[in-house]
Amino acid sequence: MTDPTRATVIVNADIPGPTISRHLYGHFAEHLGRCIYGGFWVGEDSAIPNEGGIRLDVVEALRELNIPNLRWPGGCFADEYHWRDGIGPREQRPRMVNTNWGDVEEDNHFGTHEFMALCELLGTQAYVNGNVGTGTVREMSEWVEYLTRSGSSPMVELRRANGREEPWTVPFWGIGNEPWGGGGRMRAETYADLARQYGLYCKDHGDNVLHRIAAGASEGDVEWTEALMRAVDQLTHDTFPVLPFQSVSVHYYTIGGTWTAKGSATQFDDDSYWRTIVAAQDIEPLLRRHIAVMDRYDPDRQVGLALDEWGTWWDVEPGTNPGFLYQQNTMRDALVASVHFDVFHRLAERLTMANIAQTVNVLQAMLLTDEATGALVRTPTYHVFEMNKVHQDATCVPVHIRAPGAVQQVADRQVPTVSASASVVDGRCHVSLSNTDLDHAVEVDLDLRGGSFTDVTARVLAPSSVRDFNSAERPDQVAPHPLDVTVTATGARLTLPPHSFAIVEAA
Ligand code: AHR
């Protein structure tokens, strides 16, 4: 019998892999439930401290995460959003119905200028998602011009009239969202042609170079990815030297049940927990299948893969609007995130962007807020993003895990319970370690090869129960703490408690 409580994690710090793009730590904020309204945006008249209507404690908490990019305004909402409704004096802006999310009225008080102000406050780059489902090529093209052009043009004059002289920088541009579903119910070939057309008219103005992202597959639909890659391939071989879009996206949500019965975010049994961990681990073979298709068409890796929606999706909290997708967040969610990041790091050569859904008050959020009380809560997932931010733009290095006993039988599968990844930057090596076992601690021998590391420290997220979560009453029930580490001749030794996540720094 092998000992289930021991693992050796070998890190080859001198074998550089791909750069882990900081954009793998991207975010997503949709006009959905209380993400924008009541989350980021409280309005200028709110008693909650704000700058121009944007809630400042939210900004302050998120700045600690070094958010690299923020995707907006949707999601499904993007394909019914008409940007001209969200500019000009707020009280005069037209209203609309948010048919996707709760059928509530949208007053358009948070629009283009407010979003760009939010990006500036967060110190993040804008990822604007345009409307293909109910929009036009001209509408999207003019939005790009409004945002990014300088000098004199109809859209520049309109922007100036609304108080903004200089153009903004908008690096990322989405061409629609989920066109196979709520974004137009299209066939892959139809959308691929539209993506080429829209991509063409979303111009680079002045110094602003757009990275255009074609709306990609649902989960494992590799045929969709193939249709997009074929569209790039044909075009670049035919007449145009430039790519119509620089990335294709894919969406994958982790659910521990079924789409019709997803289960509670906080009250779950061990079976549901393990189904969730398996679903989280399944992101790796799924992404590899998409990458295999891309490799066939694009061996030089000119086109990136963007997982621009990911995260857990549970039943909404009891008593909340079913269309608002408000859910609590436990240590289970944190482990879903840490397992995902290990996969992202391994696939960083092709996977260049990922966006958690969503940043505030929706799905696997970083922050939960209450506008009435002013409360702000950092979730367990927030802490994984904070602890792991050291990997942003670092060089991925190979990790091998020897832990033959650290497995869990889930239905007919043997599921490894230790997950890890590592990167190096400026002579320091960072190792992420997750122990998904519910009952056993794991003693980890960290074998740090290819460098001389004498100073090793670690922090751990290890609540007493995997069902623990943070709330206004107990905001730090799940929070990181220093973890004891013993420096050894080959690296370091430490003990990962059950259901825990740790970040190790070796210098
Ligand atoms: O994130 C919630 C929704 O999930 C998005 O609007 C949509 O793109 C996806 O189906």
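User: What kind of barrel do the eight strands 2-5-8-9-10-11-12-13 form, open or closed, and with which pairing?

Analyst: In this predicted model, the eight strands form a closed barrel in the order 2-5-8-9-10-11-12-13, and the pairing is parallel. From one strand to the next, the twist averages 30°.

User: How do you know that strand 12 and strand 13 pair?

Analyst: Two strands pair if there are at least two bridges between them. Strand 12 (residues 304–312) and strand 13 (residues 351–357) run parallel and are joined by four bridges. The requirement of at least two bridges is therefore met. As an example of a bridge partner, Trp310 has Ile356 in strand 13.

User: Why is Gln125 called partly exposed?

Analyst: Buried means under 20% relative accessible area and exposed means over 50%, with partly exposed in between. Gln125 has a relative accessible area of 28%, so Gln125 is partly exposed. This residue belongs to strand 8 (residues 125–130).

User: Which residues does Gln125 touch, not counting residues up to four places away in sequence?

Analyst: Gln125 touches Arg22, His23, Pro68, Asn69, Leu70, Pro171 and Phe172. Contact means heavy atoms within 4.5 Å. As for Arg493, 368 residues apart from Gln125 along the chain, the C-alpha atoms of the two are separated by 39 Å.

User: What describes the packing of two helices?

Analyst: Two packed helices are described by the angle between their axes and the distance between those axes. For helix 3 (residues 137–148) and helix 5 (residues 188–201), the angle is about 35° and the axes are 9 Å apart. Their crossing is right-handed. Val137, Met140 and Ser141 of helix 3 make the contact with Gln197, Tyr198 and Tyr201 of helix 5.

User: How many residues of the contact of helix 3 with helix 5 are nonpolar, polar and charged?

Analyst: The contact has four nonpolar residues, two polar ones and no charged ones.

User: What makes strand 16 and strand 24 stand at the edges of the open sheet?

Analyst: The open sheet has six strands in the order 16-20-21-27-23-24, with antiparallel pairing. Strand 16 (395–397) and strand 24 (481–482) each have a single partner strand, so one side of each is left without a neighbour in the sheet.

User: How many bridges join strand 21 to strand 27, and which helix packs on the sheet?

Analyst: Seven bridges join strand 21 (residues 428–435) to strand 27 (residues 500–506), and the two run antiparallel. Leu433 has Ala502 of strand 27 as its bridge partner. Helix 10 (residues 380–388) packs on the sheet and touches strand 21, strand 23 (456–461) and strand 27. The direction of helix 10 makes about 165° with that of strand 23.

Definitions and conventions: Residues numbered from 1 in each chain as written. Predicted model: local features only at pLDDT ≥ 70, side-chain atom pairs only at ≥ 80, totals over all residues. Heavy atoms only, no water. Axes fitted to C-alpha atoms, helices over the stretch in contact; angles between N-to-C directions. Left-handed = near helix turned anticlockwise from the far one by under 90°. Nonpolar A, V, L, I, M, F, W, Y, C, P; charged D, E, K, R; others polar. Buried < 20%, exposed > 50% of the residue type's maximum accessible area, 1.4 Å probe, protein only.
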